[in-house]
Amino acid sequence: NAGDPVVVYDRAADRWVISQFHTGPNGICVAVSQTGNPVSGGWFLYDFSGLSSFPDYFKIGVWPTAYFIGANAANNRAIALNRTAMLTGSPATAIIRTTAAPGVHSFLLPADADGPTPPPAGSPGILYRHVDDAVGGAPDRIELFEFTPNFTTPASSTFTGPTAIPTAAFGSLCGFSFSCVFQPGTTQRLDSVTEWA
């Protein structure tokens, strides 16, 4: 119970996934509802600790093949959690892959299957990052990565990319600033957190 909670809904399974930092070293606690009712249905609880570096500002994406996590950590890190096992309360493992960061404050964000139409069967998990030449890496672009975890034989998992998508030139809102968003009636500014989101 160390804060920064993240809540996502797994529409395909009608389950809720709640997570937050673990008080131990470099970990995330994850709870998966046992039914579609998160109040009375009970929870399956998981502790994924020892993730090599602190998973700051982590985000979770629901995908048929895994729960994917991206975080502000050493290098750019992608974490796959065994969704199939977690939906039944079985022991579950995490598979971690990393790639060099193109500059400071750029990390992988997982795609999330929210709509009524699921991704095609066997589709790899998609993670993406923006590359802003103002904080490292040029030209400005979006980069995609594909992650296919194999929880039976983790060494057979594949993590490929980046595939670059050209964009018009852009600047991250506020760049690397902790207080740049104006508020009415005060000189106190807000943090947009765009450097990690």
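**Exercise 1. In which strand does Ser19 lie, and is Ser19 buried or exposed?**

Let's start with one residue of this predicted model and work outwards.

Step 1. Find the element: Ser19 belongs to strand β2.

Step 2. Check the accessibility. Ser19 has a relative accessible area of 2%. Buried means under 20%, so Ser19 is buried.

Step 3. List the contacts. Leaving aside residues up to four places away in sequence, Ser19 touches Asp4, Pro5, Val6, Ile28, Cys29, Val30, Phe58 and Ile60.

Step 4. Look across to the partner strand: opposite Ser19 stands Val30, in β3.

**Exercise 2. Describe the sheet that holds β2, and say which strands stand at its edges.**

Step 1. Take the pair you already know. Six bridges join β2 and β3, in the antiparallel sense.

Step 2. Extend the picture. The open sheet has four strands in the order β1-β2-β3-β4, with antiparallel pairing.

Step 3. Find the edges. β1 and β4 each have a single partner strand, so one side of each lacks a neighbour in the sheet.

Step 4. Add the twist: on average, neighbouring strands here are turned by 20 degrees against each other, direction ignored.

**Exercise 3. Which residues touch the most other members of the largest nonpolar core?**

Step 1. Name them. The core has 23 residues, and those touching the most other members are Val30, Phe48, Phe58, Tyr67, Leu81 and Met86.

Step 2. Trace the suppliers. At least two core residues come from each of β1, β2, β3, β4, β5, β6, β7 and α1.

Step 3. Zoom in on Leu81. Not counting residues up to four places away in sequence, its contacts include Val30, Phe48, Tyr67, Met86 and Phe151.

Step 4. Keep the cores apart: Phe151 is in a second, separate core of twelve residues, which also includes Trp63, Ala78 and Ala80.

**Exercise 4. Classify two aromatic pairs, Tyr9 with Trp16 and Phe145 with Phe159.**

Step 1. Recall what you need: a pair of aromatic rings is described by the distance of the centres and the angle of the planes.

Step 2. Take Tyr9 and Trp16. Their ring centres are 4.7 Å apart and the planes stand at 45 degrees, so this pair is tilted. Tyr9 is partly exposed, at 30% relative accessibility, and Trp16 is also partly exposed, at 30%.

Step 3. Now Phe145 and Phe159. With centres 5.5 Å apart and planes at 10 degrees, under the 30 degree limit for stacking, this pair is stacked. The pair links strand β11 to strand β12, 14 residues apart.

Step 4. Place Phe145 in context. Phe145 is buried, at 1% relative accessible area, and forms one aromatic cluster with Phe68, Phe147 and Phe159.

Technical notes:
Residues are numbered from 1 along each chain as its sequence is written. This is a predicted model: local features need pLDDT of at least 70, side-chain atom pairs count only at pLDDT 80 or more; totals for chains, interfaces and linings use all residues. Side-chain values use heavy atoms; hydrogens and water are left out. Rings of Phe, Tyr and Trp (its six-membered ring) pair if their centres lie within 6.5 Å; planes under 30 degrees apart count as stacked, over 60 as edge-to-face and the rest as tilted. Buried means under 20% relative accessible area, exposed over 50%, partly exposed in between (1.4 Å probe, protein chains only). A nonpolar core is a set of buried Ala, Val, Leu, Ile, Met, Phe, Trp, Tyr and Cys residues joined through side-chain atoms within 4.5 Å. Contact means heavy atoms within 4.5 Å. Two strands pair if DSSP finds at least two bridges between them. Axes are lines fitted to C-alpha atoms, for helices over the stretch in contact, and angles run from 0 to 180 degrees between N-to-C directions.
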